[in-house]
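Trainee: I should like to learn how features of a protein model are read. May we work through one together?
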Amino acid sequence: MDTPDVEKKPDRVTEARLRGLQAALQLSGSKIETHKALILVDLQGIYFSLHKWLSAHDFALDDAFIISRFAYFQLRRTFDEISRRVCSLKSGPCGYLKDLYGTISVEERQGKYFLSKETNILKNGTYLDIHPSFEIFFAPAPLREIKWLLRGKRQREYAASHRHLTNVEAGIIERDGIFRRDYSKYDAFVEELQRISDHKETHEGFFNFRVDKGQIRYFDEKEVDTRIVMRAMDAIHNSEVDSLCIVSSDQDFLPLCDRAFNDGIYFFQADLAKFLKDDHIGRKLQELGDQFIRGGIEPSWPLEIITEAMSCQAVDHKANYGLEDHEIKSLVNLHNEMNEVQIEIVTEASGRASIKMHRPL
């Protein structure tokens, strides 16, 4: 039977909790089922949607950290949705092993440890032992190559060349009248997500582009979707996972749904780039029903980032971090916009900062 991760040399209480858990499950007729959930993420859409949303809320994005935290929270929320929906499809009662293990209490009687009678365990149920992982797919922006081309003698002759070169040096790719994209934090965004403990692999595609008459005439991401399909097929064929989720706004991935179903694998698709209420969702994605997971932003996330920073708490990738004052201020404003309970940062006489909460009258 799989059990939650514990120290290599558990203390007596921990051992008692594990023995008690095993005995209680046996008596209750419940079982533990290992469930491997894999998310394959097309990153570009998430990055630009979050970048646009945060910029609209007056964030001065000095680096990619805040964008990456919101992206990770979106993935965490997606894992939670997958777990909830898989649990709802099980016959009989279903719960989560991590939640059960967290509620177990042990009593000591005459030097021995026993499971507390107050511990509630499902009767003839299933406890999912969720093992989440995600892989990311992206194409690095070819800023250096485009910059070199725009600096070329033949391109410098055109009036538009200087403007486009200035943009590219700032990390911005622009096709006149078609799009303007800020890639300046994109590579750093990828690096931040690669540090998350649930990250498994990164797959790179490339950009096909053309510079002509001092302008970027063509710019298109290549191989990313194909690599996602290839990886999904490998995971299905090799029975690597119990649940597979594609994160993309693209409806071309839907044939994977039938292939996964035929192999007994739960399939989901999530559109995390569309997290606002008025965002348009593709018709075919909506037709997936409970197999479609819509993106969203939880009101608690700005405060969670602030709390992590102010406590100098190590986040998932074990790296302490701090935020600039203007970033904290922007997160406070965002929290207050999204929540009824308002917060403010108070600096004490000792110089230590704390969070004060209040409800407006």
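Trainee: With which residue does Arg359 form a salt bridge?

Mentor: Please bear in mind that this is a predicted model. A salt bridge is recognised by a side-chain nitrogen of Lys or Arg within 4 Å of a carboxyl oxygen of Asp or Glu. Here, Arg359 forms one with Glu340, and the closest N and O atoms are 3.1 Å apart. Arg359 lies in the segment after strand E15 (353-358) and Glu340 in the loop between H13 and strand E14 (342-347), so the pair ties together parts that are 19 residues apart in sequence. Both Arg359 and Glu340 are exposed.

Trainee: How many salt bridges does a search of the whole structure find?

Mentor: The search finds 20 salt bridges. One of them joins the side chains of Arg210 and Asp212, at 4.0 Å from N to O. Arg210 is partly exposed, with a relative accessible area of 45%, and Asp212 is also partly exposed, at 28%.

Trainee: Which residue forms a salt bridge with Glu81, and how far apart are the closest N and O atoms?

Mentor: The partner of Glu81 is Arg85, with 2.9 Å between the closest N and O atoms. The two are 4 residues apart in helix H3, which means that about one helical turn separates them. A residue is called buried under 20% relative accessible area. Glu81, at 19%, is therefore buried, and Arg85 is buried at 14%.

Trainee: Is helix H3 largely enclosed or open?

Mentor: For such a question one counts the buried residues. In H3, 19 of the 25 residues are buried, so the helix is largely enclosed by the rest of the structure. The length of H3 (residues 65-89) can be examined as well: at 1.5 Å a residue it should span 36 Å, and its end C-alpha atoms are 36 Å apart, which agrees.

Trainee: What is to be said of Glu327, which is buried yet has no salt bridge?

Mentor: One looks for the nearest side chain of opposite charge, which for Glu327 is Lys185, 9.4 Å away. Glu327 lies in helix H13 (residues 325-338). Leaving aside neighbours within four places in sequence, Glu327 is in contact with Phe59, Ala60, Asp62, Asp63 and Ile66.

Trainee: Which strands are joined to strand E5 by bridges?

Mentor: In a regular strand the side chains alternate between the two faces of the sheet. Strand E1 (residues 31-42) runs parallel to E5, with 12 bridges between them, and Glu33 stands opposite Leu128 in E5. Strand E2 (residues 94-96) is also parallel to E5, through 3 bridges. Strand E8 (residues 199-204) pairs with E5 in the parallel sense over 5 bridges, where Glu135 stands opposite Glu201 in E8. As for its surroundings, E5 (residues 126-138) is mostly covered, 10 of its 13 residues being buried.

Trainee: To which residue does a disulfide join Cys87?

Mentor: The sign to look for is a pair of cysteine sulfur atoms within 2.5 Å. Cys87 is joined to Cys94, with an S to S distance of 2.2 Å, and the count comes to 1 disulfide. The link of Cys87 and Cys94 is left-handed, with -120° about the S-S bond. Cys87 is buried, at 11% relative accessible area, whereas Cys94, at 21%, is partly exposed. Cys94 also has a bridge partner in E5, namely Thr126.

Definitions and conventions. Residues numbered from 1 in each chain as written. Predicted model: local features only at pLDDT ≥ 70, side-chain atom pairs only at ≥ 80, totals over all residues. Heavy atoms only, no water. Buried < 20%, exposed > 50% of the residue type's maximum accessible area, 1.4 Å probe, protein only. Lys, Arg positive; Asp, Glu negative; His and termini not counted. Contact = heavy atoms within 4.5 Å. Pairing = 2+ DSSP bridges. Expected span 1.5 Å × (residues − 1).
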